Amino acid sequence: SASPAPEPCWMEPPAPSLGHGAGFPMAPDPALCTVRSPVALQVGDVKTDLARPGVAVIDVALPPTQPLDLQEIVFKNSYTAFLTVRVQRRRPCDVGREGARKWVTCLWNHCLMPSPHTEAGSQDYFSVFRHQMLCDVDQVTAVRLILRQPSPVWLHFTLEELRLYPRGQQSLQTGFPSWLSNLAPQQQPENLHGGVPDPEKVSTEVQQLWVLTEMIRANQTAARIGRFDVDGCYDINLLSYT
Amino acid sequence: MLEQDTGLSLAIAQIVQRLKGSSLHSQLERQARGSLHKPEIKLDSLKEDIKEFLKTSGWEKRLQNAVYSELNVFPSPCHPAAPPEHMKEPLVYMRKAQGSWEKRILKSLNSMCTELSIPLARKRPIGEQKELLNKWNEMGTDEPDLSLFRPVYAPKDFLEVLMNLRNPNYENGDQPSFRNHLGLIQVPLKVKDIPELRDYFSELGLNTGQLGIDDSTQVPPELFENEHVRVGQTVLTEQDSAAAQQYVRQGCPTALRAELWALILNISNQPEDILYYEQLKSNVIQHDLLVDSLIYKDVKLTASNDDYYFVFEDYLYQVLLCFSRDTSVLEHFSYSSATPPKSYIRGKLGLEEYAVFYPPNALSQLNSFIISVAPLCFLYHEPSKLYQIFREMYVRFFFRLHSISSHPSGIVSLCLLFETLLQTHLPQLFYHLREIGAQPLRISFKWMVRAFSGYLATDQLLLLWDRILGYNSLEILAVLAAAVFAFRAVNLMEVTSLAAAEAVLADLSTLKVMPLLQIFLFATVT
């Protein structure tokens, strides 16, 4: 009869970085949409032309009955250097109109790879928020991402894991990026001789502290115990390849 | 990429979480509680008064130093959508290459274990434990039979792996074109060019005083040296890590170096640190690991034969054997591209509760950086402090020389930086060496992978490592390697084989590091 397994007194490898899965406030439900594969824009015959096009377009279709108030676009880069985003919006004046809706540019030439011939930024994760956009992105019905990669050294470029997040999630947790990112007005240097502090500033600081304490509470401390054996035993097999 | 504010809050939260539960945290709490008895602490302004007390008693400074240390060591937080392996290494093909390299090493260790029928780990019988304890300070006198042990890998094996790194999405055509690099490294990482390096290393410029140049005997000390020493003493009195890091960019006076490095690395040698070291020592006494024999062999081969380092042989054993038992080193795997090797307690294969890391600090590739411990022995004589300094240097810098990653201080970037600098600024030399089959990286790789330890004279090496600490980067190693080639360019242009080129560059012990760096960065006509 085997004795119950002893509690391991050796520590797991460090926990994943804070902000990953530990209740980091990002809207948990991306909007439903259909992401088409990128289409290269090329002059001439696509099959025989050897030159790299350097521009591709990804069209994202949203369900026509559910226009989206866009909060955030999240994606993993795959060797795209510059990103332009255009949207189609449903406007009250469009009701009943059959003609093509206008495309509006909401992000222009956003740089993802500062040095397009080299790796920096090539496989990083990015977020684009509504407040970074050039126009209002409410009631969006279609999104078009225009990818540019001017360097000819890369064989393919695209965006992966593309997700669109809608606005207006209820819990404060998920609202974290939005109001925190609205936190930075042009900050005046602190007036140390002033009397009563600015209530706006105080309330934003309090909110920030609240979120921080929530984050901290959600995570265990990483205090180490320092034992490497299991109950005094370090009699091991061969090393395993996982 | 994270928005600036979100990124800042996330960084703050991460640092708070890491410091929570540390001994500094409990000390601060104890100090705060103890201060309640003091008359200047009033109940209605409790928070402010305690903060003021912590400031005046120097505890705030210690907290600042701890925060600064965390900022230096850990990378900035990733995007929340990024998985943990992305923080270790963002490029998938690099992760894969590191994984295969590790597998090779594991296979080598396992096969050594089965061939020699020596267990990976073994509990020592009591008699042997007593014997080792008695001999602890003179392990160098032991002459065990190590002929059957071979190093897990040689630096040139590692260089082969780096040479074969390819990005599958990069146009690696067979036809030579602008896409192919002329050197050995073929991955398109971003490296700094000379204008960027001049900006980055601006304190090494011609108009700034340097130890290693402006303290030579011909220069009157009133011009620079005296003032610099005085500033160093002030920095030490203030106990400010960030100021110390800025200060050492111009070099450390010899008398102040040990303390300044300890300040920058945030090592204070508290009683609990000494206890921790003693605990590690007892772990060494209790269990014998296969890697111990590899460590012995490596030390015997490298440091014991070195004219400067042989005196420290015993220290090296103590530090390295303890280091391989230290589980706190496991923390650095969260930002290293490497993954710790795992094993299971005998008879419990596959049961996660019985999984352990082997060796306990999960570093089986100790060779070729062992020699980077030796220079520290000149500065620190107390074993537990020597140990802590070495450990901190390893988890901040030296681990990057032994793993495949895209980090700017990683060995791949350093190799590419070296080759690019040489090619851009000494194109004739580069072309000539390439034509005779003497790719420059083949010669300079071993210098960089050991951070020049064992090649430069010790005082010069310490001046170089001052700058590594000061700039928190290893890029200076690549710049120095290129500067050495530039210095010996005339002789190198006349050689006709790799062996002859190696001979020209065999002896670096007479080189003065700082003038070479200054000339290469600031006085070379581009």
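Colleague: Hi! In chain A, what share of the contacts with a separation of 6 or more comes from residues 24 or more positions apart?

Modeller: Hello! This is a predicted model, and in chain A such residues account for 80% of those contacts.

Colleague: Thanks. Which pattern does chain A follow along the sequence?

Modeller: Reading along, you meet β-β-β-β-β-β-β-β-β-α-α. Chain A has 9 strands and 2 helices.

Colleague: And how many of its residues count as buried?

Modeller: Chain A has 242 residues, and 42% of them count as buried. One buried residue is Tyr79(A), with a relative accessible area of 3%.

Colleague: Where is Tyr79(A)?

Modeller: Look in the loop between strand S4 (70-78) and strand S5 (82-89) of chain A. Its phi is near 70°, which is a positive value in a residue other than glycine.

Colleague: Let's switch to chain B. What is the phi of Phe452(B)?

Modeller: Phi of Phe452(B) is near 65°, again positive in a residue other than glycine. You can find Phe452(B) in the loop between helix H19 (440-449) and helix H20 (458-471) of chain B.

Colleague: Is Phe452(B) buried or exposed?

Modeller: Phe452(B) counts as buried, at 0% relative accessibility.

Colleague: New topic: aromatic pairs. How many does the structure hold?

Modeller: There are 22 over all chains. One of them is Phe74(B) with Tyr335(B): the ring centres are 5.1 Å apart and the planes are at 70°, so the pair is edge-to-face.

Colleague: Where do those two residues sit in chain B?

Modeller: They link distant parts of the chain, 261 residues apart. Phe74(B) is in the loop between helix H4 (59-73) and helix H5 (84-88), and Tyr335(B) is in the loop between helix H15 (313-323) and strand S3 (342-344). Phe74(B) is buried at 12% relative accessible area, and Tyr335(B) is buried at 5%.

Colleague: What kind of pair do Phe312(B) and Tyr315(B) form?

Modeller: That pair is tilted, with 6.4 Å centre to centre and 40° between the planes. Phe312(B) is buried, with a relative accessible area of 9%, while Tyr315(B) is partly exposed at 23%.

Colleague: What lies over the face of Phe74(B)?

Modeller: Arg18(B) does, at 3.6 Å from the ring centre. Elsewhere, the charged end of Lys192(B) sits over the ring of Tyr200(B), 4.1 Å from its centre.

Colleague: Which residues do ring pairs link into a cluster?

Modeller: The cluster is made of Tyr277(B), Phe323(B), Tyr387(B), Phe390(B) and Tyr394(B).

Colleague: Now helices. At what angle do H13 and H16 of chain B pack?

Modeller: The angle is about 90°, and the axes are 9 Å apart. H13(B) and H16(B) are therefore roughly perpendicular to each other.

Colleague: Which residues make the contact?

Modeller: From H13(B) they are Asp273(B), Ile274(B), Tyr276(B), Tyr277(B) and Leu280(B). H16(B) brings Pro383(B), Ser384(B), Tyr387(B), Gln388(B) and Arg391(B). By class, the contact of H13(B) with H16(B) has 6 nonpolar, 2 polar and 2 charged residues.

Colleague: Last one: where is Glu227(B)?

Modeller: Glu227(B) is in helix H10 (residues 225-238) of chain B, and it is partly exposed, with a relative accessible area of 41%. The C-alpha atoms of Glu227(B) and Gln129(B) are separated by 52 Å, and the two residues are 98 residues apart along the chain.

Definitions and conventions:
Residues are numbered from 1 along each chain as its sequence is written. Chains are lettered from A and ligands numbered from 1 in the order in which they are written. This is a predicted model: local features need pLDDT of at least 70, side-chain atom pairs count only at pLDDT 80 or more; totals for chains, interfaces and linings use all residues. Side-chain values use heavy atoms; hydrogens and water are left out. Axes are lines fitted to C-alpha atoms, for helices over the stretch in contact, and angles run from 0 to 180 degrees between N-to-C directions. Helices (H or I, at least four residues) and strands (E, at least two) are DSSP runs, numbered from the N terminus. Angles under 35 degrees count as roughly parallel, over 145 as roughly antiparallel, 65 to 115 as roughly perpendicular and the rest as oblique. Contact means heavy atoms within 4.5 Å. Ala, Val, Leu, Ile, Met, Phe, Trp, Tyr, Cys and Pro count as nonpolar, Asp, Glu, Lys and Arg as charged, and the others, Gly among them, as polar. Rings of Phe, Tyr and Trp (its six-membered ring) pair if their centres lie within 6.5 Å; planes under 30 degrees apart count as stacked, over 60 as edge-to-face and the rest as tilted. Buried means under 20% relative accessible area, exposed over 50%, partly exposed in between (1.4 Å probe, protein chains only). A charge sits over a ring if NZ of Lys or CZ of Arg is within 6 Å of the ring centre and within 35 degrees of the ring normal.
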